[in-house]
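Colleague: Could you walk me through this model? I'd love to know what goes on around the ligand.

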Amino acid sequence: MSKAHFGLVGLGVMGENLVLNAERNGFSSVVYNRTYSKTEAFLNGRGASKAISGAVDLQEFVNKLERPRRILMMVKAGSATDAVIQQISPFLEEGDLLIDGGNSLFSDTERRVKELESKSFGYIGMGVSGGSKGALEGPSMMPGGTKASYDAIESLLTKMAAQVEDGPCVTYIGPGGSGHFVKTVHNGIEYGIEQILAEAYDLMKRICGMNCDDIAKVFAFWNSSEELSSYLVEITEICLKTKDPEDGSDLVEKIMDKAGQKGTGLWTVVSALQLGASVPTIYASLNARVMSSMKFQREKGQTILGLTSFSTFDLGSISDGMEPIMDAVVLSTIASYAQGMEALRLASKEYDYNLKMPSIAQIWKGGCIIRSTLLKRIQDAYNLDPQLPNLLIDPWFAEQVVRRLPGLTRVVAAAAQAGIPVPCFTSTLDYINSYRTSRLPQNLVQAMRDCFGSHTYERIDKEGSFHTDWVK
Ligand code: NBP
């Protein structure tokens with residue numbers, strides 16, 4: 001029997017769809033799952049009548065693969081990934097390649113690359129985005145590791161990936177854990193945009209008194225604009241239009257207001273802050289999920305602290321796409337991308353990843369959750385200036401900021417007066433206002449630090465490091 005081209009470990013939602021994608025693209029496959037009943041169910045169901053076979057154990061799995069073996073692991077990140085590596089390693093031979101397609105912490109991937117490459121195996125840490133549909137039809141993939149390992153799977157990945165006008169949504173990201181770092185930041189940006197869209201919905205509902213069908217019309221309007229056309233805006237419209245089959249009412253209004261998280265948003269914020277990257281919009285979205293999970297406390301808080309009486313504000317009309325809210329959404333979305341790209345730029349320097357910013361924007365244009373038309377502008381901005389320190393000062397983005405800042409300001413002020421939290425809009429406004437202020441009040445912070453801790457300070461009128469005996 002001829003050996004299979006490709007092996008997959010982990011038949012969860014993602015694994016199942018990715019192996020069907022590989023098979024459809026001409027790569028006969030073998031699958032292994034810890035719980036064999038899942039393998040059987042898959043082979044008798046979606047995997048039936050395809051060039052896909054199953055294995056009861058890892059020895060059989062490895063024996064069924066042609067050499068050098070190409071094995072994709074799609075298991076839970078963390079200890080499950082380490083367990084699979086440990087269990088499969090004794091069966092691998094020189095030149096075989098393991099790919100971790102899970103959402104692993106990039107520092108775990110750094111460690112695994114070193115360990116596995118020292119045993120003469122190839123190891124790729126690859127971010128995969130697109131959910132189950134993307135995995136099946138064409139995801140965006142962010143593989144990192146040695147270039148030689150990437151070359152060994154390039155033909156497979158380029159066929160499996162989503163395709164956009166300038167190529168497949170996969171490229172060699174860089175060494176070590178760079179692929180997983182880029183995926184982590186992708187997810188951080190995703191957290192930001194999801195929260196931004198939720199804030200817009202909340203304002204239209206609570207300040208403008210609109211129902212879900214009307215709000216959905218605004219999202220449809222936005223999705224037809226260059227600035228906001230995106231997968232997340234598209235699915236938000238769908239969510240808002242969906243009715244509860246039980247009584248025909250708006251389904252989103254029946255959903256508990258507690259958002260979960262699995263770690264990548266937190267890792268983005270922690271890594272960014274460690275690198276000295278300012279990511280307030282992304283942080284605000286993470287904190288909003290944390291606050292949302294405090295449901296019991298919030299209920300009590302509302303009783304004790306009360307709600308301010310809501311005033312109505314003019315925030316536009318459906319026919320003009322709720323113009324100031326659109327301004328807030330556009331600028332906050334731009335800020336999320338700008339902050340994510342800034343984290344990538346600094347990580348590239350710190351970890352020698354040599355990231356190609358236009359290529360990263362290119363592979364996010366299709367397949368992934370944050371795909372949007374803005375990414376073409378981001379790609380253009382970095383092509384124009386590969387060393388661009390911040391997207392906000394690229395000419396196209398700067399024009400957006402200048403034009404839309406009054407709208408964002410009006411929305412944040414209205415929300416504050418109405419007592420409605422808009423953490424991403426507010427953080428974005430502060431971010432932009434800080435970024436366009438040449439003199440911030442940190443001179444006073446420096447004075448205080450020198451006063452209590454003799455930390456010294458620099459002066460604007462002379463070179464050197466100074467200390468003052470402040471409290472005589
Ligand atoms: P899950 O994250 O739910 O993982 C399920 C798979 O992990 C199953 O095959 C399960 O085997 C296996 N597994 C576990 Br759990 N512990 C194991 C262990 N100790 N040893 C061996 N196998 C183990 O599935 P998923 O949602 O398909 O995600 C897979 C990976 O892809 C994750 O890292 C996830 O973060 C990432 N990801 C997910 C998405 C998404 O949209 N879901 C998108 C992008 C990336 P069992 O059947 O025996 O329990």
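Modeller: Sure! Helices (H or I, at least four residues) and strands (E, at least two) are DSSP runs numbered from the N terminus. This is a predicted model, with local features needing pLDDT of at least 70, side-chain atom pairs 80 or more, and totals for chains, interfaces and linings using all residues. Residues are numbered from 1 along each chain, and side-chain values use heavy atoms, without hydrogens or water.

Colleague: Which residues come nearest the ligand?

Modeller: Of the 20 residues around the ligand, M14, N33, T35, K38 and V75 come nearest. "Around" means having a heavy atom within 4 Å.

Colleague: Which helices help build that shell?

Modeller: α1 (13-24) and α4 (79-88) each supply at least two of the shell residues.

Colleague: What lies 2.9 Å from a ligand oxygen?

Modeller: A polar side-chain atom of R34 does, and so does a backbone N or O atom of V75. For K76, a polar backbone atom is 3.5 Å from a ligand oxygen.

Colleague: New topic: pockets! What lines the second largest one?

Modeller: That pocket has 47 lining residues, with V75, K76, A77, N103 and K262 nearest its centre. The elements giving two or more residues to this lining are α1, α4, β6 (122-129), α6 (131-137), α8 and α11 (264-275). (On a 1 Å grid over the protein atoms alone, a pocket is an open set of points where a 1.4 Å probe fits, with protein on both sides within 12 Å along at least five of seven lines; lining residues have an atom within 4 Å of a point.)

Colleague: Which element gives the most there?

Modeller: α8, with 6 residues. In the largest pocket, α8 gives the most too, with 11 residues.

Notes
A polar contact is a pair of N or O atoms within 3.5 Å; within protein, one must be able to donate a hydrogen and the other to accept it, and residues adjacent in sequence count only if both atoms are side-chain atoms.
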